[in-house]
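The following report describes a protein model for a reader who is new to structural analysis. Please keep the sequence and the structure in view while reading.

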Amino acid sequence: MLQSLTSRDNEAVRLLGCRRLDAPPYEVRASWVGAVEAVHGQAVVSSPPSTEVTLVDAKTQLLRDGVNQTLLRMRDEAYRQAEPERPKLPRWVRALRLLPQRAEITPKSVSVIERLRLILAEGAPRPALDIKECARLSLEMEALARMLPQGPFAELSQRLALLGQAAWAQLARAEAEAQLLPQFRRFDQPGSSQERRAGVSLGVGLGLGEAGAGTKATFGVSLGVTWGMDNDDEGFVFVNRSKAVSAQATGKGGVGVAALSGLVQGRWQHTESEEFASATAYVQINADQLARGSRRETLGTAARAAVGALIRLFRPGYGNELSNFQRLQQQAADQQQRLGVLLGWLGQRNRSEALPGPARHYAPPCIVDSVRGDACVRAEAAGVGVGLGVAVERIDIKAPVLTPFWQALRQEHGVARKKKIAEQRLAGLGQMAGVLFGPDAKTRPLSRLSGAADAEALRSVDLKTLARAVDCLAAEFEHLCAVAQQVDAGIGRRACGAAVERSLLASWRARSREEALAQMALAHAVLVREVAAREPAEAAVDMLFEKRVLDQRLDELAPRLYAPPIRYDAGKLAQATSFRDLLKLQIRDRSLALSLGGALGEVGLQVSASLTERERLHHNPLRAGDYKDVRVSLTGSVGGSWPLDRVRDALAAQLAAHGLAAEVPAALAGLQASLGAQGSGSLMLLLRFYRPQYQRQADFPADAAGYRLQLIRVSAGGDVGLSLAGGVPVQPGVSVELGLDIGTSATSVLYERWGDNSLSAPLMHYLHLKAVGEEARWLDKRQEQRQALEALCRQLARPDSAVRGEANYFLKRQQWDGTRFFAVVEAFAAGHGSFEAAIEELEALMERQYPQWQIDKQDFAGWEELSLTHESGRAVSE
């Protein structure tokens, strides 16, 4: 029990000294001496006992109790620093109150802290601070840091402000995800897309026309760029950036109201695509870049909407603190060491968990190159036209796949599917690791960790030595991370910290963090391989246990090694610590289209039908094969074009007024330009017939093979664009034509139903959702396609149906007796069983197909496994 001695200064209670009631006499005397000295203006304030505090958890959530305890200590420190100097007068003079009394006001720093404590007290039942409280804490700590003199107290306020801002950003990002998911949910539907485009064209026109009769030919080249997002048939979401070059030749001739035109065009397009498992995954990875927010907006104290919009017109990123999410999370992780030191200065021990830093997503882009040729002819008369077109296209897709060293070493089939490539990769791994061995332990890390002089000596060490090597590797990795965070956080003298970091990098034969981390990952891979090579006898139970524990420790260390909580280039590190495969896919299309339409003024209407035959080479056996797509679309358009002759004439008048008209070339004086705007909307019906590639297998029943209806889809699309066109006559009948076009388009799926005589659609979607870890979405998909699945179960009950033969094929591959499966679907078809029982059997069939589906994808002939050479492994240093 403590008995306190206090003084009421500055309208607050201040601890001056304390003693325990059962304290020895010398302690009692010391307490009383402190009190007497305090009365005479020579106060000696005893330090409060050190307490443990937890400010933040591993999810960057600020904990209310820890923040309150810290604010109390900060308030006491603010009182101490703001204490006015006591007058050096005897006590009896001050007691007579002969001098004018000065009113004492609560210090501003104390007011800020007390105001913040009152705000946080309102949310007392909640263990963690909410988004508004985090924003308030951060802003108030920034204000406190500005009003304090330079020193530990001001630095502590700055560090807490940053921690609060990082916690706010974490919560703001979660709110942004919740708001963005409904907006992007439509991209989970195959067939949905959105695109923006811009292009320029340059051409030469030849021809003459008088009194409604004449001919004209145009030869031109176009350059275009597009940015878009779409969903393929399987369910992956792609973000695309494309560049295209096309060359076209057009010809048109007419007499009166009749006209005949033709077009021949060739196009090459290069696309870089970033693949995401779903729209949900896309939003989760990019939420901080898709949304905007700030702490003041969260508190409702931001600038007015009109003012903010005006500022953002000139500075697009103005006020968007959420875009700094990655940087804030990294800074919060970097400063934890320093924050612990400052809390210790305040009399607290920080027990917070280590922050993981931002999650860095890296996937090498997928490269898509396509070549397309088109030819069409169109006849028009009295505003009505009919057209016929043909097109061929070839699309080559190259998708790099990176497999980290340690994951590849854990795979059942080894580091490669082909034995020769596996040997080359292991040899390359050994060659890269060779430089980590040597007599100088300071610069030969694997020798320093294990004590082995070379790789041959490492193979002879026991498991205990390998365990020590793993411990040393983990310790050196943690040391590097700690030093790097200190340097990035600006702790201590930057030159000294940088020198320590350079020393650590040199000990790993590296010149950058990425290279040092790559060397550590390489050492980890060598240890994984050595531990896996140990095969203790079954009788050696202790050795088996040691090996299992060591494998577990290596697996626990790997995620941190490959994604450390420090600043680094994720792309360079991933390239340097992974085996690289190249997945080559191909699509070949042939299309025939017929269109009929007309225009009345600026309004047009067109009906078109097309047949597209597609051959797809794909690693997914449920997408490889032949397609026949029948499309019927109805398109309405409206647009206008406005000549810019008045602008040309006004410019010519200005030049003439200054006597410069004669300097303008005659060709430019005849310049003709126009500005156009177009808008269109369409409805499209798609019937897709599919013949899977697995039907070519010898054991697939012949009577079940052939094209089957895979899906029916109705979609709506819209397009809006602006164009600027101009022609400069060079000589009679010859002109140079320029064009500029910008626009945007979008497509949404209104209705889709799967075919009832094929398992390809439900199998493709079920297995994809399971592979990307979103099985919960299958329930919504099953409800959406309930009618189609009911019809599918009825077809499965028919002995002569194609889908029954297809189901028998899968059951035989699974080595499963289909008696119960067909009995359940037949009972449902006869009206004796429930749909739930039938769909459960179908889902069980698809679940059993999953392992075989994964094997089939790995056996695809388009996989190109690249060997690992010493130079490619050191690419990080380039």
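A salt bridge is a side-chain nitrogen of Lys or Arg within 4 Å of a carboxyl oxygen of Asp or Glu. The model is predicted, so local features need a pLDDT of at least 70 and side-chain atom pairs count only at pLDDT 80 or more, while totals for chains, interfaces and linings use all residues. Residues are numbered from 1 along each chain as its sequence is written, and side-chain values use heavy atoms, with hydrogens and water left out.

**Confidence**

The term pLDDT denotes the predictor's confidence in each residue, from 0 to 100. The protein averages a pLDDT of 86, and 86% of the residues score at least 70. Over residues 1–46, however, the pLDDT is below 50, and this stretch has 65 contacts in the model beyond near neighbours in sequence. A contact means heavy atoms within 4.5 Å. Residues 870–878 also stay under a pLDDT of 50, and the model gives them 17 contacts beyond four places in sequence.

**Salt bridges**

Side chains of opposite charge can pair when their charged atoms come close. The structure holds 65 salt bridges, including the three in the table.

| Pair | N to O distance |
|---|---|
| Glutamate 155 and arginine 338 | 2.8 Å |
| Arginine 688 and aspartate 233 | 2.9 Å |
| Glutamate 865 and arginine 417 | 2.6 Å |

Their locations are given by helices (H or I, at least four residues) and strands (E, at least two), which are DSSP runs numbered from the N terminus. Their surroundings are given by relative accessible area: buried means under 20%, exposed over 50%, and partly exposed in between (1.4 Å probe, protein chains only).

The side chains of glutamate 155 and arginine 338 meet in a salt bridge. This pair links distant parts of the chain, with glutamate 155 in helix α6 (residues 152–184) and arginine 338 in helix α11 (residues 336–346), 183 residues apart. Glutamate 155 counts as buried because its relative accessibility is 19%, whereas arginine 338, at 24%, is partly exposed.

A salt bridge also joins the side chains of arginine 688 and aspartate 233. Arginine 688 belongs to strand β14 (residues 672–692) and aspartate 233 to the loop between β5 (213–231) and β6, so that the pair links distant parts of the chain, 455 residues apart. Arginine 688 is buried at 4% relative accessibility, and aspartate 233 is buried at 14%.

In the third pair, glutamate 865 meets arginine 417. Because glutamate 865 lies in strand β17 (residues 863–865) and arginine 417 in the loop between α12 (405–410) and α13 (419–434), the pair ties together parts that are 448 residues apart in sequence. Glutamate 865 is buried, with 10% relative accessibility, while arginine 417 is partly exposed at 30%. Elsewhere, salt bridges that share partners join Asp233, Arg616, Asp629, Arg631 and Arg688 into one network.

**Nonpolar cores**

In soluble globular proteins, nonpolar side chains tend to be buried together. A nonpolar core is a set of buried Ala, Val, Leu, Ile, Met, Phe, Trp, Tyr and Cys residues joined through side-chain atoms within 4.5 Å. The largest such core has 60 residues, and those with the most contacts inside it are Leu62, Leu71, Met74, Met141, Leu156, Leu163 and Phe184. Among the elements that give two or more residues to this core are α2 (64–82), α5 (131–147), α6, β6 and α7. The largest share, 16 residues, comes from α6. Not counting residues up to four places away in sequence, methionine 74 touches Ile113, Met141, Leu144, Phe153, Leu156, Ser157, Leu160 and Leu346. Another core lies apart from this one and has 58 residues, among them Ala422, Val470, Leu505 and Ala525.

**Individual residues**

Serine 246 is placed in strand β6 (residues 237–255). Serine 246 counts as buried because its relative accessibility is 11%. Beyond four places in sequence, serine 246 touches Gly220, Val221, Ser222, Gly266 and Arg267.

Arginine 509 has a positive phi of about 55° although it is not a glycine. Arginine 509 is found in the loop between α17 (494–507) and α18 (513–533), and is partly exposed at 32%. Glutamine 815 likewise is not a glycine but has a positive phi of about 55°. The loop between α26 (802–813) and α27 (819–829) contains glutamine 815, which counts as exposed at 74% relative accessibility.
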